[in-house]
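Reader: Please take a close look at one part of this model for me. I would like to hear about the aromatic pairs, and then about the strands.

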Amino acid sequence: MKKITLFVTLSMVILLAACSSSVPKVSADEALDLMADGAVLVDVRERHEHEENRIPGSMLLSLSVIEVLAPMRFDDLDTVIVVYCRSGRRSAEAAAILVELGFTNVYDLGGINSWPYETLSGPIN
């Protein structure tokens, strides 16, 4: 019985490790460097949140539609994409979805709450 319990426990640990996100987290400075090199910055929050405050140069692609719209917006799976949200939960989820879709260069900035630089507010086109 102990061997079975040990086997099940080890199997669960291996399974959880395999399922954990392999998307790298990046700092604000690293995100700026990636953007300077052509990365696309994607806000995965909802429109009203994006209009309240957003990082300059970011595009809105809400978590609720990212699975459907990302393949239409980015035809190259090697596009460098940096995602962010308010606190980091939705960006981690969005990053995992993008990886599942086959995108190979996805980075998670986390939340705009920790963004130390300028933000914009107001309606978007």
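**Aromatic pairs and the strands**

Author: A search of the whole structure, which is a predicted model, finds 2 aromatic pairs. Take F74 and F103 to begin with. Their rings meet edge-to-face, 6.2 Å centre to centre, with 90 degrees between the planes. F74 sits in the loop between α4 (66-73) and β3 (80-85). F103 sits in the loop between α5 (89-100) and β4 (105-111). The pair therefore ties together parts that are 29 residues apart in sequence. Both rings belong to buried residues: F74 has 7% relative accessibility, and F103 has a relative accessible area of 3%.

The other pair is W115 with Y117. This one is also edge-to-face. The centres are 5.5 Å apart and the planes make 80 degrees. Here the burial is mixed. W115 is buried, at 11% relative accessible area. Y117 is partly exposed, at 38%. The cut-off for buried is under 20%, so W115 qualifies and Y117 does not.

Now the strands. β3, which follows the loop that holds F74, pairs with β1 (residues 40-43). The two run parallel, over 4 bridges. Within this pairing, V42 has V83 of β3 as its bridge partner. β1 also pairs with β2 (residues 59-60), again in the parallel sense, through 2 bridges. There, D43 is matched with L60 of β2. Between β1 and β2 the chain passes through helix α3 (residues 47-52). This β-α-β crossover is right-handed.

Definitions and conventions. Residues numbered from 1 in each chain as written. Predicted model: local features only at pLDDT ≥ 70, side-chain atom pairs only at ≥ 80, totals over all residues. Heavy atoms only, no water. Phe/Tyr/Trp six-rings, centres within 6.5 Å; stacked < 30°, edge-to-face > 60°. Buried < 20%, exposed > 50% of the residue type's maximum accessible area, 1.4 Å probe, protein only. Pairing = 2+ DSSP bridges. Right-handed = clockwise from strand over helix to strand, strands pointing away.
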